[in-house]
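Trainee: I would like a close look at one chain, with the terms explained as they come up.
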Amino acid sequence: MSAATIVTLPDQSTARIPKMNFLTKENGLLSWLLTGDHKRIATLYLISITFFFFIGGALAGLIRLELLTPQTSLMAADTYNKVFSMHGLIMVFFFLVPSVPATIGNFVVPMMVGAKDLALPKINLLSWYLYVLGGCMMIYTMAAGGVDTGWTFTTPLSTHYLNTNVASAATAVFIAGFSSIFTGLNFIVTIHKMRCPGMTWFRLPLFIWSNYAASILMVLGTPVLAIVLVLVVLERTVHIGVFDPAYGGDPILFQHLFWFYSHPAVYIMILPGFGVISEVISTFSRKRVFGYTAVAFSSVAIAVFAFFVWAHHMFIMGISNYSAIVFSLMTMLVAVPSAIKIFNWAFTLYKGSITFETPMLYAFGFMGLFTIGGMTGVFLGSTGTDIQLTETYFIVAHFHFVMVGGMLMSFLSGIHFWWPKWTGRMYPEKLSQLAALTTFIGFNLTFFPQFILGTLGMPRRYAAYPPEFQALNVFSTAGATVLGVGYLLPILYLTWSLKYGAIAGDNPWQATGLEWQTQSPPLTENFPEIPIMDHEAYDYEWLEKQQQKEVASVG
Amino acid sequence: MSDSTATANGAVAEVHHEHPSYQRHHFESVEQQFDTTNFAMWLFLLTEVMFFGGLFTSYLIMRNWYYPAFVEGSHQLSIFWGTANTAVLLCSSFTMAMAVWSAEVRRKGMLLLFLGLTFVLGIGFLGIKGIEWHEKWEKSHVPGLRYSEASFLNPASDKEVYKEYHDKPLAPDMAAKTEQYFFLYFALTGMHALHMVIGVGILIFIMVRAKSGAYTSGHVTFVENFGLYWHFVDIIWIFLYPLLYLISRY
Amino acid sequence: MDHISPVLWQFLDKWLTHFALYPPEASKIAPEADALYFFMILISLVGLTLVVLLIVAFSILYSKKRHPKAIQIEGSTILEATWTIIPLGLFLIMFVWGALLYFRIYTPPANAMNIYVVGKQWMWKVEHPGGQHEIDALHVPTGRPVQLTLISQDVFHSFSIPAFRVKREAIPGRYSTVWFEATTPGTYHLFCTQYCGTNHSQMIGDIVVMTPDDFRKWLEGSTSGSSLAQDGERLFASLSCNACHNARPDARGPSLVNVYDSQLMLSTGQTVTADDAYLRQAILSPSQHITQGYAPIMPTYQGQVSEEGVIELVEYIKNLDSDYRVQQTLNTTDLVPEGQAGKAPTAGQKPAAQKEAKP
Amino acid sequence: MSEPGEHNENNQHHIVSPALYAVILAILLCATALTCGMSYIDLGEWHIAPGLTLFWNPVVALAIACTKMMLVVLFFMHVKYSTRLTKLTVACGLFTFIVLIGMTMTDYFTRAWGRW
């Protein structure tokens with residue numbers, strides 16, 4: 001063990017990947033498509049969301065290219081509208097929502113609670129099939145000419161004024177929504193009912209707490225999105241409905257119902273990311289997370305408050321000003337738990353023994369970017385500043401700081417962190433550190449100028465813009481190129497590592513979670529026998545004793 | 001959620017205790033399996049509550065805004081069929097509860113009888129709903145597809161309803177809002193009927209399996225969970241009935 | 001600039017000459033909005049610096065090289081309470097400050113001059129009370145509060161003037177209002193910021209702020225010949241509104257004289273203020289707005305009158321302070337002479353004091 | 001939130017007797033008849049404040065519906081005999097449902113207060 005790293009790998013000349021593991025258990029395509037194993041489903045999810053991430057990313061690239069010049073020089077305005085709509089729809093519903101829960105969560109949640117599988121393996125598989133079905137609908141939508149509603153389906157634009165493929169896009173989101181409901185449902189049931197003996201609620205890793213909170217939001221929020229999309233499609237078909245102002249309907253009602261899901265949805269996206277960060281920070285500073293209870297309950301608090309803040313998307317849209325004040329106040333309250341988390345993570349480092357492997361670098365990136373993203377969220381939650389900043393690039397920048405700077409950073413952090421467990425092999429450390437750095441620099445170059453653009457008043461969703469905004473847009477596009485490289489690198493070296501990476505052994509990070517106490521890649525039912533949890537979460541002293549015992553018994 | 005064991009077996013040879021064939025591999029005990037699936041069903045019902053929640057919210061707002069239109073729209077519904085349907089659905093809930101009871105006390109004949117009764121009542125409900133919808137079509141009260149405001153602009157022309165309620169003619173702009181009422185009527189009852197159709201479909205599946213004795217050997221989970229679903233659909237109707245049918249009948 | 005500048009320095013030069021971190025402050029509210037904005041920036045910077053400092057300092061002090069053995073700490077209630085209460089306090093300050101600003105921006109003063117704005121795919125139509133029509137442009141004077149009454153005739157649009165720090169959505173089917181008082185003459189951007197379909201990015205325009213003198217000249221120079229109220233009068237006549245809404249004893253509809261801004265008792269027993277929004281609703285969906293003592297016989301004008309038409313009617317009713325006008329209303333030659341246009345009537349609390357001069 | 005020892009205990013399946021089911025059904029049918037009958041009687045209204053009136057008919061109808069729902073939930077759906085977790089789940093669903101409707105209504109009911 002060198003001084004700069006905690007990585008402990010087995011002797012490479014003798015080490016082998018265990019012959020029996022979930023990847024080698026059965027062979028053939030059918031054994032994957034009909035599997036009930038959460039780890040295989042997680043793998044299927046990982047492949048499919050990566051696919052959609054790169055489609056969404058390519059669309060983002062097109063957006064940035066178009067915005068290089070003030071005119072609509074690369075594509076016509078309606079093409080641009082379709083491109084950003086598809087970018088939003090794909091990234092939100094087919095990448096961000098399922099990203100951490102359906103891949104990493106699916107993979108580690110049962111292991112962390114010490115179960116053989118998720119409670120409902122077939123529902124888990126069904127959820128993946130629904131995801132794929134929704135994804136196919138989305139690809140069909142794109143092939144059939146796209147949709148240009150923006151990802152928010154704003155009525156009456158989406159119901160009466162567009163003749164693009166709104167119905168198929170709504171169906172795609174509807175189906176993907178049920179995929180997300182089933183994942184959330186499965187997690188809640190698993191966390192309640194499948195914990196191994198000794199695993200009390202306060203011995204659960206924080207990753208479980210945050211996924212639990214996100215799952216509550218999925219189960220309770222998503223159906224409202226489903227019904228609102230049904231109403232939109234109905235209104236498009238029969239040309240009458242409750243959102244139609246010409247017939248006495250109220251378009252703001254759509255906003256209420258849509259944001260009732262879609263605001264909690266951003267917590268669905270970010271909460272699991274919080275969980276990853278808790279795991280990573282603790283592991284690489286060799287310390288129990290500072291104020292475990294506070295961090296755990298702050299996740300639950302976010303989940304509860306999330307349902308009281310949705311109308312902050314509508315401050316200037318004509319809701320009652322009294323109502324706006326109430327929602328603004330609740331928004332301020334929901335910001336507090338996030339602040340608590342940030343400081344608790346920072347103080348986890350205090351008196352730790354810190355090393356700087358790739359997951360930790362991503363986690364540091366996350367903390368910086370999420371602080372900016374979170375603080376700018378307060379700008380938008382405060383009614384007065386919201387008037388100036390909403391619907392401009394400030395919103396775009398804020399959202400991307402939270403979602404890309406927060407969620408994607410934590411997703412990449414988690415992927416690197418659990419990669420050895422997943423595949424049994426290490427990724428190349430130096431290259432991945434480079435990728436983390438590239439991503440961080442590229443990200444800031446891309447999205448920081450957008451804060452200034454937004455403050456200057458540049459509206460979002462503009463295919464063409466006044467020429468004085470060009471300089472900052474050029475910076476942003478340049479940054480996007482760097483960011484693109486940062487995202488392509490992991491896909492290359494992670495694929496490479498599948499065959500050539502160093503053998504990782506059971507627990508390369510010396511982490512305490514139950515998932516690290518089994519072989520890598522794990523067995524089909526995770527543990528040779530159901531573990532008994534006899535220590536607190538993040539108990540590094542327990543781990544040390546355990547290892548000494550093993551050494552002693554081998555000796 | 002059937003009881004076949006498709007889950008791949010553990011790689012390492014595990015020492016298995018004897019357990020019933022319907023116990024899924026990743027559970028430690030039958031009780032755990034029952035608890036888990038039962039809880040999952042409840043969570044699924046939560047999503048259903050929120051699914052209808054969006055519709056109920058829309059309904060409440062529109063009703064508040066266009067109360068006169070909702071009153072006269074509601075007068076167009078048949079209170080007889082509506083009440084009859086409520087009774088039918090409540091009875092089907094009772095027979096479903098009895099079916100679960102039969103499974104628990106392991107009486108196959110009784111189980112089949114009560115499942116059959118539930119099925120018949122479910123179909124009966126859908127049939128009555130069909131009659132009502134057909135009547136709406138005949139009277140041109142299907143929003144967007146076949147709609148006429150005649151019964152509201154000139155209630156006297158609609159003799160049967162007029163005889164009973166003596167509705168005053170609605171102003172033209174308010175008469176137009178009756179379309180909102182019927183839009184919500186069809187959205188709410190349509191969504192409810194869709195759930196009934198799914199329920200009846202699963203009921204057929206259960207009856208087939210019950211015939212082979214699958215649920216009368218101690219494994220009642222699936223019947224019990226389906227019962228929860230069926231009662232939930234009943235509860236939705238319990239609210240739809242006063243909200244849609246019983247607006248200002250005096 | 002049709003193409004990307006080929007030479008880097010040209011680009012940098014352009015950037016440096018145009019460089020700005022925030023838009024010009026051209027309205028009375030702008031410095032106030034900026035004060036809150038900069039306060040928030042300051043707090044954010046402090047917070048960010050604190051987090052980064054903590055991370056960097058701890059990373060150096062407690063790196064594995066320096067600090068090979070971690071010391072387990074469970075947590076600290078005092079510290080956690082600190083970073084719960086301090087952010088909460090700061091957020092609450094921002095909340096109160098923001099709310100005060102919000103109410104200020106969305107509560108027009110009583111003496112504001114009213115200008116109507118209709119949004120449609122994809123243009124802004126501006127209607128001055130004096131009858132000046134503008135498309136994708138808005139001329140306003142300095143030193144005078146201006147209230148905009150916004151409506152959309154199709155989808156959501158949003159009327160945004162970054163230099164004034166104000167923005168308000170134009171909602172289909174409902175009036176919304178916003179106000180500002182311009183301070184610096186010049187030309188500023190007007191954007192539609194709510195995505196509204198294909199040519200969303202073309203729905204832009206200019207806000208031209210002029211000195212009061214220039215503004216008066218502009219009003220006189222761009223008059224369309226008749227004021228909004230006069231257009232409304234014609235429409236009122238052609239729709240035969242005066243058949244019922246007259247002050248005769250046997251009138252089937254309530255008299256509209258001085259109705260604007262008065263308290264009306266409705267047939268439902270509610271009392272409402274007859275403001276712009278009420279008048280609009282009463283024209284388009286009359287049955288929900290029946291004045292007590294009248295039968296619900298008024299037909300709806302939904303789909304028959306355009307949003308501009310409704311605005312003209314509202315403006316006409318606003319300025320109606322004698323039944324003489326209603327009686328004479330078919331006689332369209334009997335109109336207000338030109339030159340009154342400069343004194344744009346204002347939507348205010350004291351209708352009698354602000355009426356156009358009668359012939 | 002936590003449910004200590006939820007693995008093994010509390011699984012004594014409470015089997016409700018058919019007689020109780022029949023009684024519940026009878027009450028439900030009576031309640032249906034009652035709510036139907038009540039709708040033909042004008043129960044009047046309560047003027048709480050100018051512009052804010054409470055009509056008793058829908059209140060009574062909804063109260064009866066809620067009672068019926070409670071009976072179905074408690075007995076037909078066995079919640080009365082279920083774990084605290086199930087009860088909490090039901091409560092959670094009702095709570096979110098009320099938040100959706102209630103918080104949306106805060107907007108609609110206060111729009112009339114101001115001149116915006």
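How many helices and strands does the secondary structure of chain C come to?

Mentor: This is a predicted model, in which local features need pLDDT of at least 70 and side-chain atom pairs count only at pLDDT 80 or more, while totals for chains, interfaces and linings use all residues. Residues are numbered from 1 along each chain as its sequence is written, and chains are lettered from A and ligands numbered from 1 in the order in which they are written.

Chain C has eight helices and 12 strands; these are DSSP runs, numbered from the N terminus, with at least four residues for a helix (H or I) and at least two for a strand (E). Of the 359 residues in chain C, 42% are buried, meaning that 20 or more other C-beta atoms, placed from the backbone, lie within 10 Å of the residue's own. Among contacts in chain C with a separation of 6 or more, 70% are between residues 24 or more positions apart; a contact needs C-beta atoms, placed from the backbone, within 7 Å.

Now to one sheet. Five strands of chain C form an open sheet with mixed pairing, in the order β4-β10-β9-β6-β7. Strands pair if DSSP finds at least two bridges between them. The edge strands of chain C are β4 (137-141) and β7 (166-170), each of which pairs on one side only. From one strand to the next, the twist averages 20 degrees, with axes fitted as lines to C-alpha atoms and angles running from 0 to 180 degrees between N-to-C directions.

At the β7 edge, strand β6 (residues 157-161) of chain C runs antiparallel to β7(C), and five bridges join them. In one of these pairs, C:Phe159 has C:Arg168 in β7(C) as its bridge partner.

Note on methods: A residue is buried if 20 or more other C-beta atoms lie within 10 Å of its own, exposed if 12 or fewer, and partly exposed in between; C-beta atoms are placed from the backbone. Two residues are in contact if their C-beta atoms, placed from the backbone, lie within 7 Å.
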